[in-house]
Amino acid sequence: GSKVYALNAENGDVVWSYKTGGFVFSFPAVANGKVYVGSDDRSIYALNAENGDVVWSYKTGGALFSSPAVANGKVYIGSEKPDNTIYALNADNGDLIWSYETWGSVESSPAVAGGKVFAGSNDGYVYALNADTGQLIWRFKTGGKIGESSPAVAYGKVYVGSYDNMLYALKVDTGDLVWNYRSGSAISATPAVAGGKVFFGSMDDVFYSLNAETGELVQRWAIGDINHTAPAIINNRVYVGARNGLYCFGPAPPQEQGAEEQPIHVFFWLGLGGLIIAMLVYFTRRKFG
């Protein structure tokens, strides 16, 4: 749809909604009392988090499927063709600070760390830009488009997937390749990193866990159509959605006395299939519709 909604966290009631001029595929970012979100009407909006009023909007040259990142008073977002640009805007008033044009659509959402902005483009490159000036620091060429796989930054490395079936670990300062791992198909989802491991899904319907330092396979699970879902890590558990449900991986919870012993790792299917299917249909329409 074209609307941005704010819901009551306790009961799900609609607090406010704002209708943009196009479909909203961008995930909102909330910071300093504002909600930042992109639309395929080629605009990024800053909305008042309390009432949904427009604080400012900025028109780019392409649809915005990328989700904004907010850091140090700036909003970073990428645009689609023919614009193919990474933008840095003033978070308070929407003024353009800098822009950097790539050679392909930027669906990847920027990641900001250590004074750098990292983003992938469908030209196959991963870019590291100076967060203040937009100057290119390094770029790394993969063998395919980056798509929606947004970089994850941890342990001095940038982790990102590509449509060449590879997950890459690059040195954060230089962009040099540390390791890569070949999955069974294209990687369009954003990886998650925690506990010395990298977790990601691939279009071969397999969910992977790799050693974050070496890229060696730790574990893999065939769980059905993962599509473009990014995993979330909460309380030492990894959650990922697929067409047939929501899965949870991690240590078993403490058992009550007399309860049957559980294995070290468990595989939960949570009964939220309908919700997850609806979410994944939404993203499938975005990708292929």
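**Entry 1: aromatic cluster.** I began with the rings and found Tyr100, Trp103, Tyr125 and Tyr127 linked into a cluster by ring pairs. I am working from a predicted model, so I keep its confidence scores in view. Tyr125 also has a charged visitor: Arg139 lies over the face of this ring, at 4.4 Å from the ring centre.

**Entry 2: another charge over a ring.** Which ring does the charged end of Lys145 sit over? I looked it up, and it is the ring of Tyr163, with 4.7 Å to the ring centre.

**Entry 3: counting ring pairs.** I noted 18 aromatic pairs in the structure. One of them joins Tyr159 and Trp179. I read 6.0 Å from centre to centre and 50 degrees between the planes, which puts this pair in the tilted class. The two residues are 20 positions apart in the chain, with Tyr159 in strand S16 (residues 157–161) and Trp179 in strand S18 (residues 177–182), and the pair links distant parts of the chain. Are Tyr159 and Trp179 buried or exposed? Both are buried.

**Entry 4: the sheet that holds this pair.** Next I followed S16 and S18 into their sheet. It is open, has 4 strands in the order S15-S16-S17-S18, and pairs in the antiparallel sense. Strand S15 (152–154) and S18 are at the edges with a single partner strand each, so each has one side without a neighbour in the sheet. Ignoring direction, neighbouring strands here are turned by 20 degrees against each other on average. I then checked how S15 meets S16 and found 3 bridges, again antiparallel. Within that pairing, Ala154 has Lys157 in S16 as its bridge partner.

**Entry 5: a sheet further along.** I turned to strands S19 to S22. How are they ordered in their sheet? The order is S19-S20-S21-S22, in an open sheet of 4 strands with antiparallel pairing. Strand S19 (192–194) and strand S22 (217–222) are the edge strands, each pairing on one side only. From one strand to the next, the twist averages 20 degrees. I also looked at the pairing of strand S20 (residues 197–202) with strand S21 (residues 206–211): they run antiparallel and are joined by 6 bridges. Val198 is found opposite Leu210 of S21.

**Entry 6: how far to trust it.** Finally, I checked the confidence. The chain has an average pLDDT of 86, and 85% of the residues score at least 70. Where does pLDDT stay under 50? I found this over residues 254–285, for which the model has 49 contacts beyond four places in sequence. I have marked that stretch in my notes for its low score.

Conventions: Residues numbered from 1 in each chain as written. Predicted model: local features only at pLDDT ≥ 70, side-chain atom pairs only at ≥ 80, totals over all residues. Heavy atoms only, no water. Pairing = 2+ DSSP bridges. Axes fitted to C-alpha atoms, helices over the stretch in contact; angles between N-to-C directions. Phe/Tyr/Trp six-rings, centres within 6.5 Å; stacked < 30°, edge-to-face > 60°. Buried < 20%, exposed > 50% of the residue type's maximum accessible area, 1.4 Å probe, protein only. Lys NZ or Arg CZ within 6 Å of the ring centre and 35° of its normal. pLDDT = per-residue confidence, 0-100. Contact = heavy atoms within 4.5 Å.
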